[in-house]
Amino acid sequence: MPSSSWKRADHGDTAPPTSSRLYALPLRFTWLLIGIAYFFPGLWKLWRGGFQWIYGDNLQFLFYSQWHDVPGYLPFFRIDQYPLLYRFGALGAILFELSFIFLIFLPRIRPFVVVNGLVFHRMNAVFMRVTSFWSLEACYVAFFDWHTILGHVGRWLFREDMHVVYDGNCKICRRTIASLRRFDLLGRITYVNALDEKALSEHNLLWLDAQALATDMHAVVGRKAFVGFASYRALAARIPLMWPLLPFLYLPPIPAIGSRVYRRVADSRTCSISRPPSPVPQTIQLSPWRQRHVIVFVGGFLLLMNVICGFGRIHSWPFACYPTFDGRVRPQRSYLVMAVSTATGEQFEINPVREDASAGEAKRLPGTISNILRTRDDSLRQAKFEDFWRWMSESDPRLQDAVAVTFYVDTVSTVPEQQDNNLIERKMVYQLQSPRRGEQSSQ
């Protein structure tokens, strides 16, 4: 935060926070939470499906089930037609999910594991139509050593070092430098106190005019020096956060206004000169011991709850076991279908789950229908069917003139080649006569 940077700067320390185990601890908890998200789906596949999940046709049938949910969809490559490939993919999925949480802690292997994870999600998107894990993929940023990566990028973009020379006895200057250093992600700027002759000598900057250094901030690249407002423009080119503003710093009248503002602030800064820099007092630093215990408590609680949900196969928010896809799948699907007759003699069928008319409730419909069909008590089952019909008729104008409705459970094949004639079985489960007048009979 700027306030903490300024507090340190007021006591002579303009450097940003250094590397610390305290900063690494939340990242390690993040790694564990991501690993748990993979581990339990892999464990349940192996526990419930066993080797049959790998060497059988379960994955092929899962493909069919997922493709069936998107009418007309087929992947660019029909992996379902190559048993060796999809069985090898099933084995690879389980091995990846079970080993991820352990392999990410091996530095040399971690990059390959992370790439493998991203490929795993892309393959799921193509062959399983699972595209809802983007938030999990976004968390992969925690696996990269961004300090090292951005350092390489900085050296590639800027071959020469830049030295920023500032007045170390000026409070405003120190605060400015402390703020800039927090956003210096590429690490291609060296900050030098103009009053530190030893530092000037080490960086070959003694050729700069001492009087000018006491008056203005300098940005030096090689033997070229940018002074005053121009030094901020040179700085902006090396700080990614300032890149969007960089073009405007060259457009008139911004340079003239910027130079005037800079000059006014620089000439009035003498009132901000404080005593020589002194070490940062320990009283303004938070106790690392307390911070560590807070992090361990929060991270441990999150881990514990997700482990409990993983073992219990609990799917709820905010703690949950990720979808396991561990069940035995058959190449067929059952739907509730309504055969409707209207007063005008029109007859048509509606599959509520696959209809777009109820898009707002589409995710809850399969569970609602399953709950109705599992009800064993006849009177309660009848009441649920009638409530379901009333809800459907309120949201679909086509049903307002219905005089008879028959509910069927259709079992259809999910095999792509059988889509034109995929009805396997039809079973009547309920009949509603004269629904507009409230006269019902059930079978």
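Is Arg426 buried, partly exposed or exposed? In this predicted model, Arg426 is partly exposed, with a relative accessible area of 34%. This residue takes part in a salt bridge with Glu349, and the report begins with such pairs before turning to the cores, a helix pair and the backbone.

**Salt bridges**

The whole structure contains 13 salt bridges. Three of them are set out below.

| Pair | Closest N to O distance | Location |
|---|---|---|
| Arg48 and Asp326 | 3.3 Å | Arg48 in helix H2; Asp326 in the loop between helix H13 (288-312) and strand E5 (332-342) |
| Glu137 and Arg122 | 2.6 Å | Glu137 in helix H6; Arg122 in helix H5 |
| Glu349 and Arg426 | 2.9 Å | Glu349 in strand E6 (residues 347-350); Arg426 in strand E8 (residues 423-433) |

The bridge between Arg48 and Asp326 connects distant parts of the chain, its two residues being 278 residues apart. Their surroundings can be described by accessibility. Arg48 counts as partly exposed at 44% relative accessibility, whereas Asp326 counts as buried at 4%. Asp326 falls in the buried class because that class covers values under 20% relative accessible area. The pair also belongs to a network in which salt bridges with shared partners join Arg48, Arg313 and Asp326.

The bridge between Glu137 and Arg122 spans 15 residues in sequence, and so ties together helix H6 and helix H5. Here Glu137 is buried, with a relative accessible area of 17%, while Arg122 is partly exposed, with a relative accessible area of 42%.

In the bridge between Glu349 and Arg426, distant parts of the chain are again linked, with the two positions 77 residues apart in sequence. Glu349 is partly exposed, at a relative accessible area of 44%, and Arg426 is likewise partly exposed, at 34%.

**Nonpolar cores**

In soluble globular proteins, nonpolar side chains tend to be buried together. The largest nonpolar core of this model has 33 residues. Within this core, the residues that touch the most other members are Ile34, Tyr38, Leu59, Phe63, Phe100, Tyr140 and Phe143. At least two core residues come from each of helix H2 (21-55), helix H3 (58-68), helix H4 (83-103) and helix H5.

Which residues does Ile34 contact, leaving aside its neighbours within four places in sequence? The partners of Ile34 are Phe100, Leu136, Cys139, Tyr140 and Phe143.

Another core, of 21 residues, lies apart from the largest one, and its members include Cys170, Leu180, Ile189 and Ala234. Cys170 is placed in the loop between strand E1 (162-166) and helix H8 (171-182). This cysteine counts as buried, at 0% relative accessibility. In space, the C-alpha atoms of Cys170 and Ala266 are 9.9 Å apart, although the two residues are 96 residues apart in sequence.

**Packing of helices H14 and H15**

Two packed helices are described by the angle between their axes and the distance between the axes. For helix H14 (residues 365-374) and helix H15 (residues 378-395), the angle is about 150° and the axes are 9 Å apart. H14 is therefore roughly antiparallel to H15, because angles over 145 degrees count as roughly antiparallel.

On the H14 side, the contact involves Leu365, Thr368, Ile369, Asn371, Ile372 and Leu373. These residues meet Arg381, Lys384, Phe385, Phe388 and Trp391 of H15. By class, the contact comprises 7 nonpolar, 2 polar and 2 charged residues.

**Backbone features in loops**

Most residues other than glycine have a negative phi, and most peptide bonds are trans. Several loop positions in the model depart from these patterns. Where do they lie in the chain?

Pro252 and Pro253 are joined by a cis peptide bond, with omega about 0°. Pro253 is located in the loop between helix H11 (229-236) and helix H12 (254-268).

Arg129, which is not a glycine, has a positive phi of about 60°. Its place is in the loop between helix H5 (110-128) and helix H6 (134-138). Arg129 is partly exposed, with a relative accessible area of 34%.

Asn204 also has a positive phi, near 55°, and is found in the loop between helix H9 (197-202) and helix H10 (210-215). With a relative accessible area of 60%, Asn204 is exposed.

How values were computed. Residues are numbered from 1 along each chain as its sequence is written. This is a predicted model: local features need pLDDT of at least 70, side-chain atom pairs count only at pLDDT 80 or more; totals for chains, interfaces and linings use all residues. Side-chain values use heavy atoms; hydrogens and water are left out. Helices (H or I, at least four residues) and strands (E, at least two) are DSSP runs, numbered from the N terminus. Buried means under 20% relative accessible area, exposed over 50%, partly exposed in between (1.4 Å probe, protein chains only). A nonpolar core is a set of buried Ala, Val, Leu, Ile, Met, Phe, Trp, Tyr and Cys residues joined through side-chain atoms within 4.5 Å. Contact means heavy atoms within 4.5 Å. Axes are lines fitted to C-alpha atoms, for helices over the stretch in contact, and angles run from 0 to 180 degrees between N-to-C directions. Angles under 35 degrees count as roughly parallel, over 145 as roughly antiparallel, 65 to 115 as roughly perpendicular and the rest as oblique. Ala, Val, Leu, Ile, Met, Phe, Trp, Tyr, Cys and Pro count as nonpolar, Asp, Glu, Lys and Arg as charged, and the others, Gly among them, as polar. A salt bridge is a side-chain nitrogen of Lys or Arg within 4 Å of a carboxyl oxygen of Asp or Glu.
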